[in-house]
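Visitor: I'd like a close look at the nonpolar core of this chain, please. Take it slowly and tell me who touches whom.

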Amino acid sequence: MADSAKSGKSPNRGGPISRRQARKRAVEMMYEAAQRGADAVTLLADRVGSVEVDPIADYTISLVEGVTGRKAQIDELLSEHAQGWTLDRMPPVDLAVLRVGVYELLWATDVPDPVAIDEAVGLAKELSTDDSPRFVNGVLGRIGTIADRLRAVL
């Protein structure tokens with residue numbers, strides 16, 4: 001049995017939180033905020049430093065704040081490039097994954113474009129339906145092909 005399981009502690013407590021874990025947490029928070037009709041940054045602020053939840057990585061905070069701050073731009077891009085899909089029709093988890101993916105693709109300067117897309121596809125595989133990874137890959141792939149031009153004007 002793993003040490004974390006024996007001690008009853010979460011595997012994240014006491015150890016570094018990977019970027020992959022931070023992304024997943026950001027997606028979960030964006031999803032939860034959407035389901036509650038709440039602001040994701042407010043939800044995040046209520047949890048940072050709380051002893052009742054696992055520690056929240058700085059990168060999770062960056063993603064939630066970044067996506068929330070650019071949500072109108074991100075949603076406009078998603079609406080334009082999600083062929084045949086409106087935001088309202090998208091599964092909420094997919095929408096959260098796509099928002100984080102677009103933010104990383106266009107505004108996270110230390111994340112290479114292919115990594116942003118691959119990570120979003122991985123999250124879709126883990127958190128959503130069997131069709132979601134292909135959908136996420138298609139939408140982010142279309143945005144990725146024009147990412148340099150978008151970064152120049154956004």
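Guide: Contact here means heavy atoms within 4.5 Å. Before we dig in, this is a predicted model, where local features need pLDDT of at least 70 and side-chain atom pairs count only at pLDDT 80 or more, while totals for chains, interfaces and linings use all residues. Residues are numbered from 1 along each chain as its sequence is written, and side-chain values use heavy atoms, with hydrogens and water left out.

Let's set the scene. The chain has 9 helices and 0 strands, where helices (H or I, at least four residues) and strands (E, at least two) are DSSP runs numbered from the N terminus. For the overall build, a compact globule of 154 residues would have a radius of gyration near 15 Å, and the chain's 16 Å agrees with that. That radius is taken over C-alpha atoms, and the globule rule is 2.2 Å times the number of residues to the power 0.38. The C-alpha trace spans about 50 × 30 × 30 Å along its principal axes. Of contacts between residues at least 6 apart in sequence, 69% join residues at least 24 apart.

Now for what's tucked away. Buried means under 20% relative accessible area, exposed means over 50%, and partly exposed is in between (1.4 Å probe, protein chains only). On that scale, 42% of the 154 residues count as buried. A nonpolar core is a set of buried Ala, Val, Leu, Ile, Met, Phe, Trp, Tyr and Cys residues joined through side-chain atoms within 4.5 Å. As a general habit, nonpolar side chains in soluble globular proteins tend to be buried together.

The largest nonpolar core here has 49 residues, and the members touching the most others are Leu 78, Leu 98, Val 102, Leu 106, Val 136 and Ile 143. Two or more residues each come from α2 (19-36), α3 (40-47), α4 (58-69), α5 (71-81), α6 (92-107), α7 (113-127), α8 (132-145) and α9 (147-153). The top contributor is α6, with 11 residues.

So what does α6 look like on its own? It is mostly covered, with 15 of its 16 residues buried. Its length checks out too: at 1.5 Å a residue, those 16 residues should span 22 Å, and the end C-alpha atoms are 22 Å apart, which agrees. (The expected span is 1.5 Å times one less than the number of residues.)

Follow a few hubs and the packing starts to make sense. Leave out neighbours within four places in sequence, and Leu 106 is in contact with Leu 77, Ala 147, Leu 150, Arg 151 and Leu 154. Ile 143 sits in helix α8 and counts as buried because its relative accessible area is 0%. Its contacts, again skipping neighbours within four places, are Leu 77, Leu 78, His 81, Val 102, Leu 105 and Leu 150.

Swing over to Leu 78 in helix α5, another buried residue at 0% relative accessible area. Beyond residues up to four places away in sequence, Leu 78 touches Leu 87, Met 90, Leu 95, Leu 98, Arg 99, Val 102, Val 139 and Ile 143.

Not everything buried around here is nonpolar, mind you. Glu 104 lies in helix α6 and counts as buried because it has just 1% relative accessibility. With residues up to four places away set aside, Glu 104 touches Arg 23, Tyr 59, Leu 63, Val 111 and Ala 116. Ala 116 belongs to helix α7 and is also buried, at 1% relative accessibility. Its partners, counted that way, are Gly 101, Glu 104, Leu 105 and Val 111. The C-alpha atoms of Ala 116 and Gly 101 are 5.8 Å apart, although 15 residues separate them along the chain.

Tyr 59 and Leu 63 bring us to α4, whose buried residues are Tyr 59, Thr 60, Ile 61, Leu 63, Val 64, Gly 66 and Val 67. Their cover includes α2, α3, α5 and α6.

One last bit, from the records: UniProt lists residues 20-143 as "domain: NusB/RsmB/TIM44" in an unreviewed entry. UniProt positions are given in the numbering used here, feature names are shortened, and annotations may be inferred rather than shown by experiment. That span is 73% helix and 0% strand, with its end C-alpha atoms 21 Å apart.
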